[in-house]
Amino acid sequence: MPIQEPYILAIESSCDDTSAAVLQGLNVLSNAVANQKVHEAYGGVVPELASREHQKNIVPVVNHALKVANITPEQIDVVAYTAGPGLMGSLLVGSSYAKSFALARNLPLVAVNHMQAHILAHFLDPATNKHPSFPFLCLTVSGGHTQLVRVDSPFSFEVLGETQDDAAGEAFDKTAKMLGLPYPGGPLVDQLAGQGNPKAFAFAKPRVPGLGFSFSGLKTSVLYFLEEQMRANPQFIENNMPDLCASVQHQIVTILVEKLMLAVEQTGITEVAIAGGVSANSGLRAALNLTAERENWNLYLPPFAYCTDNAAMIGAVGFFRYLEGRTSALDTATRARYAL
Ligand code: KG4
Ligand code: ZN
């Protein structure tokens, strides 16, 4: 009889989404996410409010995940949770819950690096999902990070390049804010860009050598452009919204694709993946599909549910580490900054 794969309870609370998932091995049985709406009024995540929302959400979200998976707490074999990077107050809610659960049931605990989890999300649901083979390159693009990573194993990550200032997600969110769109603006820009002309307006392109990124120049160039146009025509944004979104998106996507091409050229690795919230962007996905076909890459785009923050991806890291006995002590500290 085959050995039964472990049931994993995974918890994610690094930013503004409270998420819990139940996995059997790498198969996701449930993946519950409670989004926090309180931040919309502030145009960005307010850390103190995020912690309070996590505190309210964590118990019902875990209970919901267990119920959907049809698994009782007694059946759980391992607990995995996000130990960082992220907002300290938010991380503490998930880590305290996970540690209490593990302690009460005398279960092994796995502290997970959130950025590794975005990458290893590619290995979830192996029956329906094709995963990259090692070594592969991963462009991780989220609200807080933009990194080009060489992945040699589930435990070996080398950052080849990262952003010097804003992350790609921030570039989307900050320009969306200038356009008067609510937080988080990335998905809205994506949606509106679909009806616009990506070549309508040209914005600054950074000149960062090698595999580094920069998005602050683009942000400033959009700001100055909008200020100038609005002086001449106060309705400029309203009248040009889809073209503005398409042009901003086009520039961000171009920057990302060019760096990924350079990384492939420098490493000779043609197994290429993307991860993180911005990997849901339809412009980026379309551009990469074209590039992969032209350049003969094997391209891996994560399913939408595993792009933005979710606990299933935390469970993937939990599974790999548990298998190798890489579990964590109860006194493991949460870390606002946590290198790959
Ligand atoms: O990975 P994630 O959920 O959280 C972090 O770990 O940061 O990423 C959130 C980021 C936000 O900046 C959000 O605007 C962006 O991902 N995002 C998108 C799209 N969906 C989410 N940006 C562009 N297009 C999208 N479709
Ligand atoms: Zn994330």
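**Exercise 1. Classify the exposure of Val33 and place the residue in its surroundings.**

Solution. Val33 has a relative accessible area of 37%; because buried means under 20%, exposed over 50% and partly exposed in between (1.4 Å probe, protein chains only), Val33 counts as partly exposed. The model is predicted, so that local features need pLDDT of at least 70 and side-chain atom pairs count only at pLDDT 80 or more, whereas totals for chains, interfaces and linings use all residues. Residues are numbered from 1 along each chain as its sequence is written, and side-chain values use heavy atoms, with hydrogens and water left out.

Next, locate the residue: Val33 lies in strand β3, residues 27–35, where strands are DSSP runs of E with at least two residues, and helices are runs of H or I with at least four, numbered from the N terminus.

Finally, list the partners: leaving aside residues up to four places away in sequence, Val33 touches Asp17, Thr18, Ser19, Asp309 and Asn310, contact meaning heavy atoms within 4.5 Å. Ala20, 13 residues from Val33 in sequence, is 6.7 Å from Val33 in space, C-alpha to C-alpha.

**Exercise 2. Compare the radius of gyration of the protein with the value for a compact globule.**

Solution. The rule, taken over C-alpha atoms, is 2.2 Å times the number of residues to the power 0.38. For 340 residues this gives a value near 20 Å, and because the protein has 20 Å, the two agree. The C-alpha atoms fill a box of roughly 70 × 45 × 30 Å along the principal axes.

**Exercise 3. State how much of the protein is buried, and how many helices and strands the protein has.**

Solution. Buried residues make up 52% of the 340 residues. The protein has 9 helices and 10 strands.

Key
Chains lettered and ligands numbered in written order.
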